[in-house]
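The following exercises ask the reader to work through a structure step by step. Each task is followed by its solution.

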Amino acid sequence: TGAGLQAGKRPALEQDFTTKFLCYIRKINTITSTSKLVSFYPIMADVDSAQQIPFGDIFPNSKGMSSNDFESSLLDYSQPTYSTNFRTSVDTVIQPRIQPYDSGSQLLRFDIGGEDDGLFTDLSTLKVVGRLKVLHEDGSPLEAGEKISCVNLFPESIFEQINLFVNSVPLNDHGRHIQIKSYIQKLYSTSTEVKKTALQNEFFIGDSIEPGSEDITVERLENDEGLKTRNLLIAGSKDLHFCFKPTLDLANSERAFPAGYTLTLEFERANPNFSLLAPDNTKSYKIRIYDMVLEVRRFSPSPTALKALPDPKTGTFYLPFSRTTTRFRAVPVGVGQYLVPRIADGSSALPYHLLIVPLSNTQCTSISKNPYVFSTKKIKKYSLLLNSACIPSKPLEIKKKAEDNVRVYRHFLENTGFSDNNVSNGIEPYGFLHHDFCMSFDLTSDSCLGACNHRPEVGVLDFSVEFEEPLEEAITLLVIASYESCLKLQAQEVSLNYAL
């Protein structure tokens, strides 16, 4: 990993494992009849390209490895090779330009690096750490037993936008509601095990999946385990300490942010009515941030690596990453069938993935609505049109019973990466239909969900939707599109290539 971050290269697993593979042999030494010591030994073993071992099958008992391979690995006494370490590595705390004060509209700005800063930055380690309280608008604390709770991933949800600049050049998407994008990515893309461990540290606590759970009532606050648990987090206006990984497109790049450039992050606050949940929408609340810093791993490469890297002042750095955009498309009242033209931009490059969520028009603005409950909104059929060709070839039809909704649910699994494997995001057919519904489309030719680097094409994307009956209320379609993008840094100049 260190070598990849230094060299700025994406690991090529297919090539690396063609002739050699790194075999981690587990050797179990029995210490006593009741205890065992497990150790792992890295051993280089030659493998004929015709007998290439699949990436997941590199242990001695896995199929595809013969006993001769195992024996030769155990008897390989050649000198081991080691990767070069970073010259220095430090976990850095970044303070805001201005410390938080009592204002819901304050922009919290952070600067990482600078023109004369010689450290590289691993953005995958970026964390936001701080402390907050929920208070009444007048600054008084919450009363004992007050009927109020908060949304999932609460601390991250208090920000509706994270503006990103490199040398003062804006890079982030202009669409708002980054907190919904973050919630959707973590809801659909993380496994059940992660939701039960790491995401609980960010206050991800499952809600009831019963129909109608979008509306916040006194009864629901008293009976819903998720709402009750999150009520305890903020009850009595006690301190809530938080630590979360922000959703930044540039952070998914496999290359370190280079030295000599300034990365600026601006955190914009959301309306408290988005992240707080209460049945009484006549009361006003505020969220007071007392402390907030960024923590990130920064390092200086080894002298050998530095000689091979471009000069920060004159050289060129390429940072490929996945760029996601958030857009909203209105569906008017009274329609029974509707075509949404150009639901996502494909004029410069088509997205490799598209995810659409129907929302009520007040869902993101009313304190008595849960913005993270996604239901079908009486959608009956839907399909995506790529250059007028239907995807899938037969429109998907939503059934009212989960046991009849097999085709739509299967399409959801296949287009979020959780089909035919041993990992699950925990969304079951009933919960998908009533609480976690989305319409997702993997647009890659090999169904890799963007895992491979495909050169984007151009085209026109439309969306066709049919409802059970004409809409009594207008709805909004939240559209999240993912694109292959590349950031180019050259002699302190910054450019973003959307078309690659």
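Lys181 is buried, and so is Asp249. The model from which this and every later value comes is a predicted one.

**Exercise 1. Determine how Lys181 and Asp249 are connected, and which parts of the chain they join.**

Step 1. The two side chains form a salt bridge, with the closest N and O atoms 3.8 Å apart. The cut-off for such a pair is 4 Å, so this contact qualifies.

Step 2. Lys181 belongs to helix α5, whereas Asp249 sits in the loop between β9 (240–244) and β10 (262–269). The pair therefore ties together parts that are 68 residues apart in sequence.

Step 3. Lys181 and Asp249 also appear together around an enclosed space: both are among the residues nearest the centre of the largest cavity.

**Exercise 2. Identify the salt bridge of Lys186 and state whether its partners are buried or exposed.**

Step 1. Lys186 forms a salt bridge with Glu202, and the closest N and O atoms are 2.9 Å apart.

Step 2. Lys186 lies in helix α5 and Glu202 in the loop between α6 (192–196) and α7 (218–223), so the pair ties together parts 16 residues apart in sequence.

Step 3. Both Lys186 and Glu202 are buried.

**Exercise 3. Describe the salt bridge between Glu469 and Lys378, and classify the exposure of each residue.**

Step 1. The side chains of Glu469 and Lys378 meet at 3.0 Å, N to O.

Step 2. Glu469 is in the loop between β19 (461–467) and β20, and Lys378 is in the loop between β15 and β16 (379–386); the pair links distant parts of the chain, 91 residues apart.

Step 3. Buried means under 20% relative accessible area and exposed means over 50%. Glu469 has a relative accessible area of 34%, so Glu469 is partly exposed. Lys378, at 39%, is therefore partly exposed as well.

Step 4. For the wider setting, the structure has a count of 26 salt bridges. Arg131, Lys133, Asp239 and Asp291 are linked in a network of such bridges.

**Exercise 4. Check the length of helix α5 and establish how many of its residues are buried.**

Step 1. The helix has twelve residues, and at 1.5 Å a residue these should span 16 Å. The end C-alpha atoms are 16 Å apart, so the expectation and the model agree.

Step 2. Ten of the twelve residues are buried, and α5 is thus mostly covered. Among the buried residues are Ile178, Gln179, Ser182 and Leu187, together with the two lysines Lys181 and Lys186.

**Exercise 5. Compare what lines the two largest cavities, and find which elements contribute.**

Step 1. The search of the whole structure finds four cavities of 30 Å³ or more. The largest has a volume of about 180 Å³, and the second largest holds about 50 Å³.

Step 2. The largest cavity is lined by 18 residues. Elements giving two or more residues to its lining are β7 (159–166), α5 and β13, and the largest share, four residues, comes from β13.

Step 3. The lining of the second largest cavity includes Ile178, Gln179 and Ser182. Here β7 and α5 give two or more residues, and α5 gives the most, with three.

Step 4. By class, the largest cavity has seven nonpolar, six polar and five charged lining residues. The second largest has five nonpolar, three polar and one charged.

**Exercise 6. Characterise the largest pocket and state which element gives the largest share of its lining.**

Step 1. The pocket contains about 1100 Å³ of space. Of its 36 lining residues, the closest to the centre are Gln185, Ser189, Asn252, Ser322 and Tyr352.

Step 2. The elements that give two or more residues are β5 (120–136), α5 (178–189), β13 (316–331), β15 (353–360) and β20 (475–490). The largest share, five residues, comes from α5.

Step 3. The lining divides into 15 nonpolar, 14 polar and seven charged residues.

**Exercise 7. Explain how β21 is placed against β20, and which residues of β21 are covered.**

Step 1. The strands β20 and β21 run antiparallel and are joined by five bridges. Lys488 stands opposite Ser495 in β21.

Step 2. The hairpin has two residues between its strands, and Ala491 takes a positive phi near 50°.

Step 3. In a regular strand, side chains alternate between the two faces of the sheet. In β21 (493–497), Val494 and Leu496 form the covered face, while Glu493, Ser495 and Asn497 form the uncovered one.

Key
Residues numbered from 1 in each chain as written. Predicted model: local features only at pLDDT ≥ 70, side-chain atom pairs only at ≥ 80, totals over all residues. Heavy atoms only, no water. 1 Å grid on protein atoms, 1.4 Å probe; cavity = no way out; pocket = protein on both sides within 12 Å on 5 of 7 lines; lining within 4 Å. Points joined across faces, edges and corners; volume = space filled by probe spheres on them. Nonpolar A, V, L, I, M, F, W, Y, C, P; charged D, E, K, R; others polar. Buried < 20%, exposed > 50% of the residue type's maximum accessible area, 1.4 Å probe, protein only. Pairing = 2+ DSSP bridges. Expected span 1.5 Å × (residues − 1).
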